[in-house]
Amino acid sequence: CLAPMADMFNHDGSKPVTARISEAGAFELVCGGGYQAGEQVCINYGSLTNEELVQYFGFSLLMNPHDRVVLGVEELGHLVPLRDV
């Protein structure tokens, strides 16, 4: 589903916001509460790593709790001396 302008919302992973298409075919953002009048409404892109956020949305988070780094055996060998078993 393409929703022009939906990608203009900022991301906030701490607030529940659901995007959906209404029965009338309209794009809706449904907020789970916790917003005050005049407060910016953000959307939640999900539990994504910084690599995924950059790849799909063009930004990363400084303190991303979902970030991870995958290291292969070759990379680990440089960090931890390998021993014969």
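1. Which residues is threonine 49 in contact with, leaving aside its neighbours within four places in sequence? In this predicted model, the contacts of threonine 49 are Asn64, His66, Asp67 and Arg68. Threonine 49 sits in the loop that runs between strand S2 (27–31) and helix H1 (50–57). Its relative accessibility is 4%, so threonine 49 counts as buried, the limit for that class being under 20%.

2. The preceding residue, leucine 48, can be read alongside. Not counting residues up to four places away in sequence, leucine 48 touches Leu53, Phe57, Asn64 and His66. Asn64 and His66 also appear in the contact list of threonine 49.

3. Leucine 48 is one of the five residues of the largest nonpolar core. The other members of this core are Val17, Ile43, Tyr45 and Leu53. For the chain of 85 residues, buried residues make up 16%.

4. On the aromatic side chains, the count comes to two pairs. One of them joins tyrosine 45 and phenylalanine 59, with ring centres 5.7 Å apart and planes at 50°, so this pair is tilted. Tyrosine 45 belongs to the loop between S2 and H1, and phenylalanine 59 to the loop between H1 and H2; the pair therefore ties together parts that are 14 residues apart in sequence. Ring pairs link Tyr45 and Phe59 with Phe57 into a cluster.

5. Are the two partners of the tilted pair buried or partly exposed? Tyrosine 45 has 18% relative accessibility and so counts as buried. Phenylalanine 59, with a relative accessible area of 23%, is partly exposed. The boundary between these classes is 20%. Tyr45 is also a member of the largest nonpolar core.

6. A nonpolar patch on the surface is made by Val69, Leu71 and Leu76, and covers about 280 Å². Of these, leucine 71 is located in the loop between H1 and helix H2 (73–79). Leucine 71 has a relative accessible area of 40% and is therefore partly exposed.

7. As for the chain as a whole, its secondary structure consists of two helices and two strands, in the order β-β-α-α along the sequence. Of the contacts between residues at least 6 apart in sequence, 32% join residues at least 24 apart. The accessible surface of the chain is about 7,100 Å², and carbon and sulfur atoms account for 56% of it.

Terms used:
Residues are numbered from 1 along each chain as its sequence is written. This is a predicted model: local features need pLDDT of at least 70, side-chain atom pairs count only at pLDDT 80 or more; totals for chains, interfaces and linings use all residues. Side-chain values use heavy atoms; hydrogens and water are left out. A nonpolar core is a set of buried Ala, Val, Leu, Ile, Met, Phe, Trp, Tyr and Cys residues joined through side-chain atoms within 4.5 Å. Buried means under 20% relative accessible area, exposed over 50%, partly exposed in between (1.4 Å probe, protein chains only). Contact means heavy atoms within 4.5 Å. Helices (H or I, at least four residues) and strands (E, at least two) are DSSP runs, numbered from the N terminus. Patches are made of residues with over 30% relative accessible area and no salt bridge: like charges are joined within 9 Å, nonpolar side chains (Val, Leu, Ile, Met, Phe, Trp, Tyr) within 5 Å. Accessible areas come from the Shrake-Rupley method with a 1.4 Å probe; for residues, only the protein chains shown count as cover. A salt bridge is a side-chain nitrogen of Lys or Arg within 4 Å of a carboxyl oxygen of Asp or Glu. Rings of Phe, Tyr and Trp (its six-membered ring) pair if their centres lie within 6.5 Å; planes under 30 degrees apart count as stacked, over 60 as edge-to-face and the rest as tilted.
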